[in-house]
Amino acid sequence: MIKQVGQIMLYVNNQDDAVNFWTEKAGFQVIAEEDNGQGMRWIEVAPSKEAETSIILHNKEWVEKMSPGLNLGTPSLMFFTENIEQLYSDFSNKNITVGEMVDMPAGRVFNFADGEENYFAVMEKK
C-alpha cells in the first residue's frame, strides 16, 4: 500500500534562506518549485534529481494558517502510494483518522494521524 517515504516536509520561516542553505551549503539541488499564486509556495530540494526522497520547504506561517494545530516544530513525512483510493478506504475502515482527499499540482493527497495525533501525508505517485 505505502510504497516509500517520498518527501520530508520542512516548515521554515524564510524559504529563500532555506533554499540557499540546502543548495549553497549542503550541496542539494532545487528539483521543483510551485506557487499557487495565493500564498502557497513550496520548493523541493534533493541531493540529486535521481534521489528517491526529497525535502519540501514550506512557509511555516502559511501552513499554520491552513492547518492550525499542526506541529510545525518538527518535519512531517509524505508517503507515496500507487493506489490512493484503496489506501484511503483501508485506513478509514481501520478507524484511522483521515483528512479529506485534496487535489494538489503534484497529485492527490490526504493526511492521516497515528494514535498520538501525529499527522502524516500520503500522495499518489504512479
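E61 and K65 are both exposed, where exposed means over 50% relative accessible area, buried under 20%, and partly exposed in between (1.4 Å probe, protein chains only). Their side chains meet in a salt bridge, 3.5 Å from N to O. By salt bridge we mean a side-chain nitrogen of Lys or Arg within 4 Å of a carboxyl oxygen of Asp or Glu. E61 and K65 sit 4 residues apart in helix α2 (residues 60–66), about one turn of the helix. Helices (H or I, at least four residues) and strands (E, at least two) are DSSP runs, numbered from the N terminus.

A quick note on the ground rules. This is a predicted model, with local features needing pLDDT of at least 70 and side-chain atom pairs counting only at pLDDT 80 or more, while totals for chains, interfaces and linings use all residues. Residues are numbered from 1 along each chain as its sequence is written, and side-chain values use heavy atoms, with hydrogens and water left out.

Back to the charges. Side chains of opposite charge can pair when their charged atoms come close. The salt-bridge rule gives a count of 6 here, and these are some of them:

| Pair | Closest N to O distance |
|---|---|
| R41 and D16 | 2.9 Å |
| R41 and E33 | 3.0 Å |
| E61 and K65 | 3.5 Å |
| K3 and E82 | 2.8 Å |

The R41 and D16 salt bridge ties together distant parts of the chain: R41 is in strand β3 (residues 41–46) and D16 in helix α1 (residues 15–25), with their positions 25 residues apart. R41 also pairs with E33. How exposed are the residues involved? R41 counts as partly exposed at 21% relative accessibility, D16 is partly exposed at 44%, and E33 is partly exposed too, at 46%.

Now for the overall layout. The protein splits into domain 1 (1–72) and domain 2 (76–125), with bounds that come from an automatic or database domain assignment. Their centres, taken over C-alpha atoms, are 18 Å apart. At the interface, 13 residues of domain 1 are in contact with 15 residues of domain 2, contact being heavy atoms within 4.5 Å. The area buried between the two is about 1400 Å², and carbon and sulfur atoms give 67% of that. Buried area here is the accessible area (1.4 Å probe) that two parts lose on being put together, summed over both.

What about polar links across that interface? The rule finds 8 residue pairs in polar contact, both residues at pLDDT 80 or more. A polar contact is a pair of N or O atoms within 3.5 Å; within protein, one must be able to donate a hydrogen and the other to accept it, and residues adjacent in sequence count only if both atoms are side-chain atoms. Strand β1 (residues 2–12) gives the most to the side of domain 1 that touches domain 2, with 9 residues. That side divides into 8 nonpolar, 3 polar and 2 charged residues.

Finally, have a look at F112, in strand β7 (residues 107–113). F112 is buried, with a relative accessible area of 10%. Leaving aside neighbours within four places in sequence, F112 is in contact with several residues, including F79, F91, I96, V98, Y119 and F120. F112 and E64 are 48 residues apart in sequence and 17 Å apart in space, C-alpha to C-alpha.

Notes
Ala, Val, Leu, Ile, Met, Phe, Trp, Tyr, Cys and Pro count as nonpolar, Asp, Glu, Lys and Arg as charged, and the others, Gly among them, as polar.
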